[in-house]
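Biologist: I'm new to this one. Could you take a close look at a single part for me, and tell me how it sits in the rest?

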Amino acid sequence: MGTADTIGDRDSSPQPGGAACWPQDGFDSKNTAYNPAIGLIESPTEDRQIASNSVFPDWGSIEPGIAVVNDRVYFPLDAGIAAYSTAGRELWSLSFDYPTMFSTPALSRDVLYVTAGTGLYGTQAVANDSGDVLWTGDVVYGSGSGTVVAVTADGSRWKRDDLNGATSKPVVTDELVVVADSTALYAMDRATGEPQWLYTHDDRYAIAPAVTDDHVYFPAGNRSHSLCLALETGAEQWRVETGGLHNQPTAVADGVYFTGHSGITAVDADGTRQWGYTAQSAYGTLVAVKQGLVFADSDGAIRLLQA
C-alpha cells in the first residue's frame, strides 16, 4: 500500500545508512522500488548464501520482503522474523503466535516493524539490533479486487473501482498513483484519482512497476520482454528481452534490474542490456544496496550477489 503524509508531499530522503540501506519491500512507503543512491553493479562474480530458512517461495503469489541495513539482513520466517549478517551468521530470530503471511519487515533508525496474522492482524515493534519486542499493536488493512482507494485520517479521499480484477500494490509519485491490473497499467492523479494515462498489455498478471523521477519500469510477466515507459505520458521508451519475470523490478540511479524465475537482468536507463544472471531464480523484490544484491532463490535461501 503506497502512503504519504499529505497529498502533494513526498519524503524521498535516504534512510539511515544511505546507499547501504534498503528499509522495506518496495524500498520506501511509496513502493517505488527505486534506490537513487547506487548504480548497477558489474557482471556478478560471487554468489553467497546468507541463510537457508526463509519463507520464499512457499507463499506462491504472496511476496514477503527483505530489509537490509549495513551488514544486517532481515527476512520473515513462517511464523517470525530473523536477522542475519551478510556473512551468514544468525544474529537473532523471533517467533510469533501467528503466521507472518502478509508481512514485510520495515526499518526505521532503531526499530524494525513487522505485521503478522491471518484475519486479525497485529504489528510488532522490534529493536533491530537485539530482536527484543518493544510493543504490539493493531493495524488496519484495505484491499480490493479492481479497486484503488486513497484514504486520509478523516476518511476516503477518492475511490476507483473500474479496474480489471486483481490489482498490484500502488506506486505513489509527486503527482501520480500508478497501478497495474491484468490488462493495463494505469496512472491516476494523486489528489483526485482522475485518469492521466493508460498503457494496455496482454500479460494477465497484475505486477507493480518500479518508478523513478522519469521512468516506469514494467516487468515482462508472461511476455518475453520488459518495458520502460515515460512517467509523465506513459509512452513506451524501450523494451528489452528478459524472459518471463513476475517480480516488481528494482531501479537504481543508472538503470534497473528485472528479476524472476528466469533470473536477473541488469539494464541501463537507456535500455541497453548489461548482463544476465540465470544461475538462480529470484523471488520477491530484489534488494539493491552498495553491499550487493540480496534476494531469495527458488529454495527459499537468502543470497548475496556481488561483482
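**From the weak spots to a ring cluster**

Modeller: Let's start with a warning: over residues 3-14 the pLDDT stays under 50, and the model has 21 contacts there beyond four places in sequence. Here pLDDT is the predictor's confidence in each residue, from 0 to 100, and a contact means heavy atoms within 4.5 Å. Residues 139-144 are also below 50, with 7 contacts beyond near neighbours in sequence. Across the protein chain the average pLDDT is 82, and 80% of the residues score at least 70.

Some ground rules. This is a predicted model, where local features need pLDDT of at least 70 and side-chain atom pairs count only at pLDDT 80 or more, while totals for chains, interfaces and linings use all residues. Residues are numbered from 1 along each chain as its sequence is written, and side-chain values use heavy atoms, leaving out hydrogens and water.

Now the setting. The protein chain has 0 helices and 28 strands; these are DSSP runs numbered from the N terminus, with at least four residues of H or I for a helix and at least two of E for a strand. Of its 307 residues, 54% count as buried, where buried means under 20% relative accessible area, exposed over 50% and partly exposed in between, using a 1.4 Å probe on protein chains only.

The part I'd zoom in on is a cluster of Tyr217, Trp238 and Phe258, linked by ring pairs. Rings of Phe, Tyr and Trp (its six-membered ring) pair if their centres lie within 6.5 Å; planes under 30 degrees apart are stacked, over 60 edge-to-face, and the rest tilted. The whole structure has 6 aromatic pairs. One of them, Tyr217 with Trp238, is tilted, at 6.0 Å centre to centre and 45 degrees between the planes. Tyr217 is in strand 19 (residues 215-218) and Trp238 in strand 21 (residues 236-241), 21 residues apart. Tyr217 also pairs with Phe258, this time edge-to-face, at 6.4 Å and 80 degrees. Since Phe258 sits in strand 23 (residues 255-260), that pair ties strand 19 to a part 41 residues away in sequence. How buried is Tyr217? Its relative accessible area is 1%, so it counts as buried. Trp238 comes out as buried too, at 11%, and so does Phe258.

From Phe258 we can step into a sheet, because strand 23 is the home of Phe258. An open sheet of 5 strands runs in the order 2-22-23-24-25, with mixed pairing; two strands pair if DSSP finds at least two bridges between them. Strand 2 (34-35) and strand 25 are its edges, each with a single partner, so one side of each has no neighbour in the sheet. Strand 2 pairs with strand 22 (residues 250-252) in the parallel sense over 2 bridges, and Asn35 faces Val252 there.

Strand 24 (263-268) and strand 25 (273-277) are among the elements giving two or more residues to the largest nonpolar core. That core is a set of buried Ala, Val, Leu, Ile, Met, Phe, Trp, Tyr and Cys residues joined through side-chain atoms within 4.5 Å. It has 33 residues, with the most contacts inside it made by Phe75, Tyr257, Ile264 and Ile302. A second, separate core of 14 residues includes Val178, Ala187, Trp197 and Leu229.
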